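Visitor: Could you take me through one part of this model closely, namely the surroundings of the ligand? I would like the cut-offs stated as you go.

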Amino acid sequence: MDAMVLDRDNPATLTEQIVRGLRERIQSGGLAAGSRLPSIRSLAKDIQVSPMTVVKAYDQLESAGWISREHGRGTFVKERVKGRRDRGATDWQLGLIDGLPEVPEVAMNPVARGRVKVDLSNAVIGEEMLPMSGLAKVLESFARRPGRLLGHYSPTIGDPEVLAAMGAYLNLDPAELLVTSGAQEATYLAGRAFVRAGEAVVVEAPTYVGAIECFRALGVRLLQIPVDEEGLRTDLLAAACENYPVRLVYTMPSYHNPTGAVMSRRRREHLLQLAQDHRLVILEDDIWSDLYFDGPPPESLYQLDRFGHVIYTKSFSKIVSPGCRIAAVAARGPFHKRLLLHKSALDLGSPQVTQILVASFLQSGKLEPVVAGLRTRLRERYQICVEELNRHAPDGLLWFSVEGGLTLWMRLPDGVRATETVRELSYQGLNVLSGDLCYATEVLGPHVRITFSHPDKDELAASVRLLCETVARLSQRERSASPMPTL
Ligand SMILES: Cc1ncc(COP(=O)(O)O)c(C=O)c1O
């Protein structure tokens with residue numbers, strides 16, 4: 001084996017350098033399969049490290065499958081196994097990962113994969129109800145202007161065409177807007193730009209799973225404040241602001257996901273007052289406000305805000321195309337520039353192609369009729385769910401009445417667990433969301449969420465019946481299995 005030289009000024013530890021050096025020699029063939037490695041003592045002496053350092057390096061190489069130690073005979077390079085090179089190539093990461101900031105995995109919905117036939121777990125509107133043919137026409141026209149779409153970067157703030165079209169649709173000043181790759185990116189940017197170490201973010205309880213994931217990844221302290229029929233409990237938020245360093249409040253005032261609650265005008269005003277009193281940043285996720293059944297919700301927080309506390313996000317994933325991942329973000333004053341700088345650091349700007357696709361569709365004037373059609377279809381489907389629930393819901397299964405959006409939040413009878421319900425349903429081919437996933441901290445009772453945007457009405461009705469039957473069975477089982485109280 002050729003001599004190994006260690007660099008004592010290198011930030012990599014001596015063990016890491018030995019591992020790398022030996023692995024490279026094995027990969028390049030310098031150390032052939034079956035050849036004997038120097039003994040611990042002799043290698044330690046040659047490269048002037050302690051024997052313990054060599055032991056650690058050999059341990060790592062052995063556990064990664066590069067070498068084997070045979071008692072009484074020595075240490076040998078192992079035969080190359082097909083595919084091992086790929087596996088071994090990333091082993092160095094294991095030593096690094098503990099020191100990196102963690103992005104916790106949001107617990108997955110426990111479903112029986114492969115068996116699910118009807119999926120009511122995702123808050124999406126399927127392609128059957130979205131303007132696919134309108135978008136396809138726009139896409140066809142793209143071939144005529146490839147340079148405009150593919151030949152250059154979009155400005156970080158967004159393409160001027162899409163900013164103008166979004167401003168017109170949302171009735172907002174385009175100068176206050178920027179484009180992001182979905183509302184999820186906007187949530188990340190707001191958390192990144194405005195929350196410092198030690199400060200807390202308030203989310204609603206329950207809330208949107210993706211927001212929990214985002215704030216956890218940012219490593220901020222999360223507090224949750226319950227939602228009732230009037231939206232976020234601002235009385236409890238007021239108390240939290242007295243006791244914690246709250247900086248940002250993430251809220252969905254209109255057709256909140258998952259409960260569907262609409263924040264009353266009174267609470268909206270109270271929230272803005274609290275923002276003023278405590279210098280809060282409010283992140284308003286206005287994803288569903290167009291999807292009302294009978295009349296629109298109250299004015300957005302952004303429209304009511306006079307002092308620049310609110311950052312507003314409007315995703316076009318739900319009403320135009322999830323595949324485009326385009327959202328509008330609005331902010332006033334220095335916040336706008338701050339978001340823009342963070343957006344620039346993150347991705348320099350969203351893809352031009354999807355921006356222009358959304359802009360062209362907005363300009364075509366076809367979004368209004370699409371949204372009007374969605375309102376009718378969602379209202380019909382919600383009514384189907386309510387009729388089935390009225391007929392079949394067992395005692396203790398309660399649901400939150402809604403006036404828009406597409407999610408239905410149900411409280412399970414006492415003793416019936418959400419994860420168990422989700423699992424049982426998935427075995428029967430139906431996927432719903434476990435409410436446990438919607439809490440950032442303590443789970444406040446057993447719930448499940450369904451989305452009623454499913455295109456097939458009969459399948460939707462049958463799914464709600466199946467849910468009722470399953471919950472009834474679990475509830476019955478729970479009642480008959482309840483042990484005598486013990487001390
Ligand atoms: C409440 C809410 N906010 C944000 C998002 C993410 O939207 P986007 O696709 O624009 O990132 C979703 C997606 O389900 C959502 O339900």
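Guide: What follows is a description of the ligand's surroundings. This is a predicted model, in which local features need pLDDT of at least 70 and side-chain atom pairs count only at pLDDT 80 or more, whereas totals for chains, interfaces and linings use all residues. Residues are numbered from 1 along each chain as its sequence is written, and side-chain values use heavy atoms, with hydrogens and water left out.

Around the ligand there are 15 residues, of which Ala183, Asp285, Ser315, Lys318 and Arg325 come nearest (a residue is near if one of its heavy atoms lies within 4 Å of the molecule). By character, the shell divides into seven nonpolar, five polar and three charged residues, where Ala, Val, Leu, Ile, Met, Phe, Trp, Tyr, Cys and Pro count as nonpolar, Asp, Glu, Lys and Arg as charged, and the others, Gly among them, as polar. Helix α9, residues 182-194, supplies the largest share of that shell, three residues (helices are DSSP runs of H or I with at least four residues, numbered from the N terminus).

Turning to polar contacts (pairs of N or O atoms within 3.5 Å), a backbone N or O atom of Ala183 lies 2.7 Å from an oxygen atom of the ligand. A polar side-chain atom of Lys318 lies 2.5 Å from a ligand oxygen, and a polar side-chain atom of Arg325 also lies 2.5 Å from an oxygen atom of the ligand. Taken alone, the ligand exposes 390 Å², and the protein buries 92% of that, with accessible areas coming from the Shrake-Rupley method with a 1.4 Å probe.

How values were computed: A polar contact is a pair of N or O atoms within 3.5 Å; within protein, one must be able to donate a hydrogen and the other to accept it, and residues adjacent in sequence count only if both atoms are side-chain atoms. Helices (H or I, at least four residues) and strands (E, at least two) are DSSP runs, numbered from the N terminus.
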